[in-house]
Amino acid sequence: QAALPASFGKAVIGPAGENRVPFACIVSQNRIAGRTGTGAVMGSKNLKAIIADGSAATFERDEAFKELQKEVTEFLRSHPMTGQILPTLGTANLVMTCAGRNIIPTRNFQKGHDRRTPELAGERMRDELLIRKDGCLSCPVKCGRHIRLGKGEGKGPEFETIGLLGNNLGIFDMQTVAELGELCDDLGMDTISMGGVLGFATELTERGLLNSELAWGRVEAYHEAIEATARRSGLGAELAEGTRALAKRRGGEEFAIQVKGLELPAYDPRGCFGQGLEYATNNRGGCHVRGSTMFLEATGPVSIDPHSTAGKPELVVFQQDMNAAVSSLVFCYFASYAVLPAFAFKLEASSAAYRLAMAAASRATGPALWLAMRMKNPAQLLWFEKFLSAAWGRRVGLGEFMRAGARIYNLERLYNLREGMSGSADTLPRRLLDEPTFPGAKAGVPLADMLRRYYRVRGWDSEGVPTPATLRRLAIRS
Ligand code: SF4
């Protein structure tokens, strides 16, 4: 990026993309399109960088659109999530929440927290290291961090980087985690997948299935392994193929933490069953930003019983469809967290009133969403429909917006099916299904029942294939 004109917009790949590492990312300044190996796609086309410059408007906004933009920006700035929590603590606000919930990956998901996890808290980063907040172009939230690093300064680690390259690997020094994260950025690799692969490789080593220097907390070994992965040299040539391929070669498939080949992010689904269903059914596999159900179960201000399956299929379908529609607008999904009313953030989680409200919400979620998804709801509950209405010059209601999301989701599914990925891929690693991490629990995520119901809610058959009636309802020609 330094070699390109400073004023230009840039999207570049690093050595990992050039070497087609399947979790290579695309980097723009210090913001990263991290997941699913888009950097390898650029690399496969010998495309090193895309740059853009110019002054012409790319989209003509009328007064109504500008007014709406102003209104939503002000709203986001005033909301507890997008105006306070994310700007002041960044995504690392989740470290203590996830540790308290016992869902932050620890030693390749063998546990849900470590006594040293608080060393990596967002509050510590804010109090001891923060220089300024940072973030994507034009964003009013700015959830990124710019921090002191040794004698210099650099990018503060995101929650996922802390979870996978820190806690998961037994590294509890914030500066070290930040440096490993920056190393991945410089080489152009996703920190989630890299941390997941390293965690798996460390456990393989521990069990004598892989000969390597990797060991929990051994920073130098991890540093070298990251470099080697991007360059596909030595052990890195194996790591570069990802967790699924490594398990096929070395064994340990039951503790290979991936879904559909994508390594899982930093929310252990044994403490948020809906998120487990979401991972299993996501068209792109182990991803948390295709619905973020965990926000409504365990990491946000409300808690729809994270250890219950009730209503979770409906909730996951709703979240996935909404996310598909929101993402198609190229809107950051964090904005949707502000859909929850501000008073929800003031609720006292230990109070009887909170527990009663959450119990009622857990019971009502399934039936309410089932009904909502079948109504052609003309109301505009979210600002996303309002933006579409302003852009298209006609009213778009929640029903039409959600239907667009469902169409996207089903089309993606048809694509996967055409490419040979069947419903049998809608599952979780055995460790997450079988090994409990909570006192009194006999197993992990009870996926089978949720999955059956999920297929019914989606209008798919028992093999996870959209039925002809569903495709007709969504006006999709098979
Ligand atoms: S667009 Fe989203 S990810 Fe980017 S800084 Fe804003 S809130 Fe953070």
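How does the radius of gyration of the protein, with its 478 residues, sit against that of a compact globule? The protein has 22 Å where a compact globule would have a value near 23 Å, so the two agree. Here the radius of gyration is taken over C-alpha atoms, and the globule rule is 2.2 Å times the number of residues to the power 0.38. This is a predicted model, in which local features need pLDDT of at least 70 and side-chain atom pairs count only at pLDDT 80 or more, while totals for chains, interfaces and linings use all residues. Residues are numbered from 1 along each chain as its sequence is written, and side-chain values use heavy atoms, with hydrogens and water left out.

Along the principal axes, the C-alpha atoms take up a box of roughly 60 × 60 × 50 Å. The fold is built with 21 helices and 9 strands; these are DSSP runs numbered from the N terminus, with helices being H or I of at least four residues and strands being E of at least two. Of the 478 residues, 54% count as buried (buried is under 20% relative accessible area, exposed is over 50% and partly exposed is in between, with a 1.4 Å probe and protein chains only). The accessible surface comes to about 21300 Å², and carbon and sulfur atoms hold 54% of that; the areas come from the Shrake-Rupley method with a 1.4 Å probe, and for residues only the protein chains shown count as cover. As for contacts (heavy atoms within 4.5 Å), 64% of those between residues at least 6 apart in sequence join residues at least 24 apart.

Next come the open and closed spaces. On a 1 Å grid over the protein atoms alone, a cavity is a set of points where a 1.4 Å probe fits but cannot get out, whereas a pocket is an open set with protein on both sides within 12 Å along at least five of seven lines; lining residues have an atom within 4 Å of a point. Grid points are joined across faces, edges and corners, and a volume is the space filled by probe spheres set on the points.

The second largest pocket has a volume of about 680 Å³. Its lining runs to 28 residues, and L296, F318, Q319, V339 and L340 are the ones nearest its centre. Three elements, α14 (294-299), α15 (312-328) and α16 (352-374), each give two or more residues to this lining, and α16 gives the most, with 7. By class, the pocket lining has 24 nonpolar residues, 4 polar and no charged; Ala, Val, Leu, Ile, Met, Phe, Trp, Tyr, Cys and Pro count as nonpolar, Asp, Glu, Lys and Arg as charged, and the others, Gly among them, as polar.

A search of the whole structure turns up 1 cavity of 30 Å³ or more, and the largest cavity holds about 30 Å³ of space. Its lining is made of N108, F109, L164, N168, G196, I257, E263 and L264, which split into 4 nonpolar, 3 polar and 1 charged.

F109 turns up again among the contacts of R270, alongside H307, R431, L432, E435, T437, F438, G444 and V445, once residues up to four places away in sequence are set aside. R270 sits in the loop between β9 (262-263) and α13 (273-281), and it counts as buried because its relative accessible area is 3%. From R270 to F438 is 168 residues in sequence but 8.1 Å in space, C-alpha to C-alpha.

V289, in the loop between α13 and α14, is partly exposed, with a relative accessible area of 23%. Beyond residues up to four places away in sequence, V289 touches R284 and N323. Its C-alpha atom is 33 Å from that of E213, 76 residues away along the chain.

Towards the N terminus, two residues have a positive phi although neither is a glycine: Q29 at about 55° and T36 at about 70°. Q29 is in the loop between β2 (26-28) and β3 (31-33), and T36 is in the loop between β3 and α2 (38-44). Both are partly exposed, Q29 at 47% relative accessibility and T36 at 37%.

Helix α2 also contains G43, which is buried at 5% relative accessibility. Leaving out neighbours within four places in sequence, G43 contacts I13, G17 and R20. The C-alpha atoms of G43 and P15 are 8.9 Å apart, with their positions 28 residues apart along the chain.
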